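Subject: Handover of a structure and notes on it

Dear colleague,

I am passing the structure below to you, together with an account of what was found in it. Please read the notes with the structure open beside them.

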Amino acid sequence: MRITRIITNEESSGSDVQDLSMLDPLIAKHKGKKGNLIPLLQGAQELYGFISKAAFEKLARDTGIPLSDMFGVATFYAQFRLNPVGKNIIKVCHGTACHVQNAVEITESLEEMLKVKDGETTEDRFYTLESVACLGCCSLAPVMMIGEQTYGKLTGNEAVRIVKNIRLAGNN
Amino acid sequence: MIPKNFLSINQSINQSINQSIHQSVNPSISQSINQSIHQSVNPSINQSINQSVNPSISQSINQSINQSISQSVNQSISQSVNQSISQQFNNYNMPTTVTVGLGSCGIAAGANKTYDKIKALKESDNLDFKLKKTSCVGMCYREPLVEITDETGTYLYGEVDADRAVEVIEKHINQQAPIRDYIVYTDLFDAPENDFIGAQVKIVLRNCGYMDPESIEEYESRDGYQAIKKIAAENTGREVVIDTILKSGLRGRGGGGFPTGMKWKFANANKSADKYVICNADEGDPGAFMDRSVLEGDPHSVLEGMIIAAYAIEATGGVIYCRAEYPLAIKRLNIAIKQAHEHGYLGKNIFGIEGFNLDIYIKEGAGAFVCGEETALIASIEGERGMPRKRPPFPAVSGLWKKPTNINNVETYANIPWIIIHGAEAYAQYGTEKSKGTKVFALAGKVRHSGLVEVPMGMTIRDVIFKLGGGIKNNKRFKAVQMGGPSGGCIPEFLSDTIVDYDSVNATGAIMGSGGMVVMDETTCMVDVAKFFLDFTCKESCGKCTFCRMGTKRMLEILDRITNGYGREGDLEKLEELAFQIKDNSLCGLGQTAPNPVLTTIKYFRDEYEAHINHKKCPAKVCRPLLTYKVDEEKCTGCMVCLKNCPVKAITGERKQKHFINQEMCTKCGVCFSKCKFESILLS
């Protein structure tokens, strides 16, 4: 079980003031429909990048779905984040094909460069480094995905170079 | 797409078929063949006159004449038919088309830039060709791919980045001089990848890479929606449709291998006002990407398969449960569903069948491997935690919203229209006694040609890897192939003459699974691979069954110890005991199969485990804590490169003096080994 994903950081999730009224159209769209819980959470995450405590409470209040049910579902699926994430998420693929072609090196090089551990966000909230199971681009292994762009046939150095360039472009 | 004067083409094709047959076969049998060809060729030509008419015609010809003549004659006919058809076509001034492969793999390799470049060139220089998009043709290792079809034939260019695109357009389009060195596949001469395509039988992938997946018209021009129209026109009964699928021998392609026709029969037998068809597109196996390619390359065939299933079991609703990690597949499915609605192929009283109402919607998965299990998938659609439940009742009795439900995998559905059009016998002619038809495999890992291949069941694993896959990268030695993902196992080199069918693969301890084949060479540590998969299943266990939840954790801890140099005598026995307990005491497929990677590697690579445990060595030199880096004093030139690059300053030495690695400080990162230009770092 993904025990690590259940740990939430109260301080970091509380520090962002969110405009909760953004949730209203989403709630109106899904309220009362069967099987609506996952789309509600997906929608909320799309709006804010993660699901904050306040967002959970509003969803529970307005839809009548018990908070415990919501939290149970949110912690079950890998997709849902309970903490804020960086502007760019670096998804380093650790599928089988990437694993046997040294995906570990990619993650380690990026950890060293960004000075964060796997799953963490950089201080400037520019990057979140994440390992994922499989991006389905096995023929280009090892790969990583930043935004919608996939980068293939990587080495540690190449990955670091790409990540540096995006930050340079993003800060200008 | 269809030329206005196709009737005259049709006639002239028939003439040329007749002529070519007369030339190649003796007159007495040619007459009967002629008749059967006339009958079978005409309709399919009418339906599918476009650039790729050749395969579909030759296929239908092959079927109708297979019984009456020998194979050599058969080949010579289809060859001459192909030639004459392409000659006929070329006389009708088909416009030159340039098609760029824009599947996920192509895009990752930079195909969007290639497409934009060609588009810009076309506009700035006012070039006269049609620019089209298609999806993955399976040759992922040659991406980005650009296909040019002109009056002389079809040429597939490989590794076309933006720069090469400029060159190809200039030479091929402007100067009519194809660049032979870049051509990877063509039917006109011997190109490097001709065998890769030639050795395959494409049923599921019949359209992938051959048409624009965002165009319903192109799908229809390639027999699309003809299967369901045929059912409607001939008023085929539900039982007859189910019987056809049963007779075809199609088994579930998601991994289970349950006969599809049986599933439909059960779902049909349970009467209810509401019933559902579900497409399982939650392709979770790491190292498998067949379903992604089908969804991206041919979404309509999946929809048509679902529509036929819905007809057969009288379903009223359809859901495609697709992983959120496949944004392009979801986008193209959405387009396909919208187009199907616009054409009246979804909605009320579809295909003129009174009372046949069907809507299909997409449900995005939220990232849980266990949701590939059908009862967990249903729970997830219902908005719950994706935890499997006890069966029976099976979904065919009580599935989505407790209604009878039929669940099939993407590849299974994509087979259905082909089977309905060509008949159960045509499908069953491929494959082995108990595993009929073809199977798509995703080749990845240490294999030269990583990509998608579709082969008839019964081919040997060796042929798939060496003939289609091109063998092992960097001339390394083939060690094993991992089949079936986290539920499967590693098949060693000495068993690679095993044929691919459900039962033969099961006999090795692996499973067919959804079709991932991850190839491993001598530099892959099998203990590490077993640990990798167990780490995966341990994280993905839903936690419902204690044996799966705790057992996988305990097994992982043991493997962790072994790979860190703390293996103990008796560890292997403990692993095996835990493995059998987990297999016996888990509710769903995840737990029942989770120990397979460990069991198969212990069975076939016990010596590697023993080297780790008894000698604290990793023979493949993968498990870091078991490695030792030393300086070869003979070879070391004292260049100081390793010393400067060592992240923990564990290397000491003066310029032009032998260096020394402090073993206590060394973190075994391998930087010195990769940086040394004189091969003077020894790894043991």
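I begin with helix α14 of chain B, where a check on length can be made: a helix is expected to span 1.5 Å a residue, so the 15 residues of α14(B) should cover 21 Å, and the C-alpha atoms at its ends are indeed 21 Å apart, in agreement. Please bear in mind throughout that this is a predicted model. The helix is mostly covered, with 15 of its 15 residues buried. After α14(B) comes B:E314, which has a positive phi near 65 degrees.

The helix also matters to the next topic, the nonpolar cores. The largest nonpolar core holds 224 residues, and A:V143, B:Y157 and B:I308 have the most contacts inside it. Helix α14(B), residues 299-313, gives the most to this core, with ten residues. A second core, separate from that one, has eleven residues, including B:Y629, B:I661, B:C672 and B:C676. As a general background, nonpolar side chains tend to be buried together in soluble globular proteins.

Which residues does B:Y157 contact, once its neighbours within four places in sequence are left aside? They are B:L145, B:V146, B:I148, B:V168, B:Y182, B:I183 and B:V184.

Turning to the strands of chain B, I would draw your attention to β1(B), residues 97-101. Four of its five residues are buried, so that the strand is mostly covered. Strand β1(B) has pairings with two strands that may be described in turn. With β3(B), residues 146-150, the pairing is antiparallel and has four bridges; here B:T97 stands opposite B:T149. With β2(B), residues 130-134, β1(B) runs parallel, and five bridges join the two strands; here B:V100 has B:K133 as its bridge partner.

Chain B as a whole has 28 helices and 18 strands. Of its 684 residues, 51% count as buried. Among its contacts between residues at least 6 apart in sequence, 71% join residues at least 24 apart.

Chain A has nine helices and four strands, and along the sequence they follow the pattern α-α-α-α-α-α-β-α-α-β-β-β-α. Of the 172 residues in chain A, 38% are buried. Where contacts in chain A link residues at least 6 apart in sequence, 65% of them join residues at least 24 apart.

How many residues does each chain bring to the contact between them? Chain B contributes 41 residues and chain A contributes 32 residues. On the side of chain B that touches chain A, the elements giving two or more residues are α5 (104-108), β10 (438-445), β14 (516-521) and α21 (526-540) of chain B. Among these, α5(B) gives the most, with four residues. By class, that side of chain B has 20 nonpolar, twelve polar and nine charged residues.

Finally, a word on confidence in chain A. The average pLDDT of chain A is 85, and 89% of the residues score at least 70. Residues 1-15 of chain A, however, have pLDDT under 50 throughout, and the model has 18 contacts for them beyond four places in sequence. Where pLDDT is low, the predicted coordinates should not be read in detail.

With kind regards

Methods:
Residues numbered from 1 in each chain as written. Chains lettered and ligands numbered in written order. Predicted model: local features only at pLDDT ≥ 70, side-chain atom pairs only at ≥ 80, totals over all residues. Buried ≥ 20, exposed ≤ 12 C-beta atoms within 10 Å, placed from the backbone. Contact = placed C-beta atoms within 7 Å. Pairing = 2+ DSSP bridges. Nonpolar A, V, L, I, M, F, W, Y, C, P; charged D, E, K, R; others polar. pLDDT = per-residue confidence, 0-100. Core = buried A, V, L, I, M, F, W, Y, C linked by C-beta atoms within 7 Å. Expected span 1.5 Å × (residues − 1).
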